[in-house]
Amino acid sequence: MTPSTYAAVDLGASSGRVMAARVGPGTLELTEVRRFPNRPVRVNGTLHWDVLGLYGNVLDGLRAAPPGLASVGIDSWAVDYGLLDGDGNLIGNPVHYRDSRTDGVMERVRAELGDDFLYRTSGLQFLPFNTIYQLAADDPERASTLLLIPDLLAYWLTGGIGAERTNASTTGLLDVRTGAWSGDLLDRVGLPARVLPPLRDPGEVIGTLRPDVAEETGRPTDLPVTAVGSHDTASAVAAVPATGERFAYISCGTWSLVGVELDAPVLTEASRKANFTNEGGVDGTVRYLRNVMGLWLLQESLRTWGDADLPALLDEAARVPGLRSLIDPDDPEFLPPGDMPARITAHCRRRGLPEPRTRAETVRCVLDSLALAHRATLRQAARLSGREIDVVHLVGGGSRNELLCQLTADASGLPVVAGPVEATALGNVLVQARAQGAVSSLAEMRALVAATQPLRRYEPSGNTTPWDEAAALLDLPS
Ligand code: ADP
Ligand code: LRH
């Protein structure tokens with residue numbers, strides 16, 4: 001079988017890209033066609049995504065991609081959505097999950113429905129921005145249809161309406177056991193079931209290009225748009241270059257998604273209390289993980305500083321003493337956009353820990369603290385799921401951060417295999433290629449990634465004592 005070329009549209013919270021990949025037996029070559037910033041916009045007090053700007057960039061990317069594409073797939077960050085009216089037009093601009101409209105809403109819904117019921121039904125971790133809480137702060141009655149972001153873009157490209165299952169699993173409205181929308185949950189939370197479209201699985205063809213889109217992008221009208229793991233984390237996990245079962249992953253970008261892959265959800269009380277999630281993966285797998293605040297802390301620090309040079313700052317941060325200033329990165333105070341260096345300083349002061357004095361010390365504080373949170377979450381994932389972990393695969397933009405990779409290995413006492421940087425786009429194209437028969441199983445997809453993509457292995461230093469002490473200082477689970 002000669003290799004075919006597939007396009008991946010991958011929208012992360014910090015940047016979007018259109019990638020092209022040649023995929024065939026023994027071949028997986030990814031090239032970047034177009035990259036664009038994803039900048040939230042505050043309008044009239046509400047934080048929005050610039051969804052039309054993103055869509056314009058997707059069209060430009062498709063126009064610039066190589067000729068003869070076999071298919072297109074779309075993934076993005078989770079939980080956010082657009083509402084359509086009866087004529088299929090977008091009502092308003094999608095709201096950003098970091099907007100304050102959900103302040104206090106999750107607490108109200110949890111008090112009304114009970115954590116036990118919510119977790120037993122959806123298996124989802126309690127995050128204030130889960131779609132269920134956003135909808136409780138919104139007015140979905142005014143809509144005919146709700147589409148998650150990748151499904152909205154696929155609708156604009158093809159006219160096809162549906163909800164891809166891996167991303168639907170992040171809404172809090174899907175039944176974790178049946179994989180269907182939970183009528184019971186929708187009733188009890190008072191949301192209109194009629195707005196939720198039919199579910200579809202990765203690998204299903206959504207449709208072909210609408211004539212106007214074909215004309216605008218210079219593509220044929222029979223070009224299929226294929227459903228992939230449209231939750232970016234699902235695509236990233238599908239492309240983790242693991243060779244066996246005993247691995248954990250950290251999908252590390254704006255967020256660090258830290259966990260293991262399982263066949264069945266873990267819905268125990270201990271899991272609920274540890275706030276672990278059971279999100280849907282490709283091929284019905286369970287992504288058993290917890291969100292760690294991730295490189296968002298660094299992104300917002302750089303934004304606050306304005307002119308900072310990340311590689312230079314990371315070099316400096318590697319030279320300042322470690323494990324001095326520490327924060328709990330998952331403190332809700334770090335969730336909204338804002339002056340992160342000031343929040344970090346105040347957090348250290350409040351805990352009676354040394355405050356960072358320079359930018360390099362602030363960066364070191366963030367990376368040490370993330371490594372500690374990675375370690376705690378890896379250990380909890382293993383304990384709660386019973387899965388033994390021999391190796392940690394760290395994928396995404398964070399795999400370019402050598403200091404973070406080494407600190408994560410040192411803190412966890414486990415080897416870290418870093419890469420691919422663009423795991424999400426790779427998972428996206430591989431699911432499309434599989435739908436066309438170019439690869440077979442998830443294991444074969446992963447073997448192809450391992451055989452073709454540059455990876456780097458970080459060995460742990462062997463001395464976890466300073467990390468044990470730091471974890472105790474922060475009161476993290478050990
Ligand atoms: P997302 O998909 O959430 O937008 P990415 O996977 O694209 O995130 O990762 C973005 C992050 O990757 C940035 O916040 C930055 O911290 C990190 N990164 C990007 N380039 C580099 C680099 N050259 N060195 C170290 N880290 C980098
Ligand atoms: C990462 C991600 C993560 C979600 C968050 C909203 O991009 O999709 O898996 O929890 O964004």
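**Ligand environment**

Around ligand 1 there are 17 residues, of which Gly12, Ser14, Gly253, Thr254 and Gly397 come nearest (a residue is near a molecule if its C-beta atom, placed from the backbone, lies within 6 Å of it). This is a predicted model, in which local features need pLDDT of at least 70, side-chain atom pairs count only at pLDDT 80 or more, and totals for chains, interfaces and linings use all residues. Residues are numbered from 1 along each chain as its sequence is written, while chains are lettered from A and ligands numbered from 1 in the order in which they are written.

The shell around ligand 1 comprises ten polar, six nonpolar and one charged residues; Ala, Val, Leu, Ile, Met, Phe, Trp, Tyr, Cys and Pro count as nonpolar, Asp, Glu, Lys and Arg as charged, and the others, Gly among them, as polar. At least two residues of the shell come from each of α11 (296-305) and α12 (310-319), and α12 gives the most, with three. Helices (H or I, at least four residues) and strands (E, at least two) are DSSP runs, numbered from the N terminus.

**Annotated domain**

An unreviewed UniProt entry annotates residues 248-435 as "domain: Carbohydrate kinase FGGY C-terminal". Over residues 248-435 the chain is 46% helix and 16% strand, with the end C-alpha atoms 26 Å apart.

**Strands β16 and β17**

In β16 (residues 277-280), Thr277 and Glu279 are buried on one side, and Asn278 and Gly280 are buried on the other (buried: 20 or more other C-beta atoms within 10 Å of the residue's own, with C-beta atoms placed from the backbone).

Strand β16 runs antiparallel to β17 (residues 286-292), to which four bridges join it; two strands pair if DSSP finds at least two bridges between them. Leu289 in β17 stands opposite Thr277. The hairpin of β16 and β17 has five residues between the strands, and Asp283 takes a positive phi near 65° there.

Technical notes
UniProt positions renumbered as here; feature names shortened; annotations may be inferred. Buried ≥ 20, exposed ≤ 12 C-beta atoms within 10 Å, placed from the backbone.
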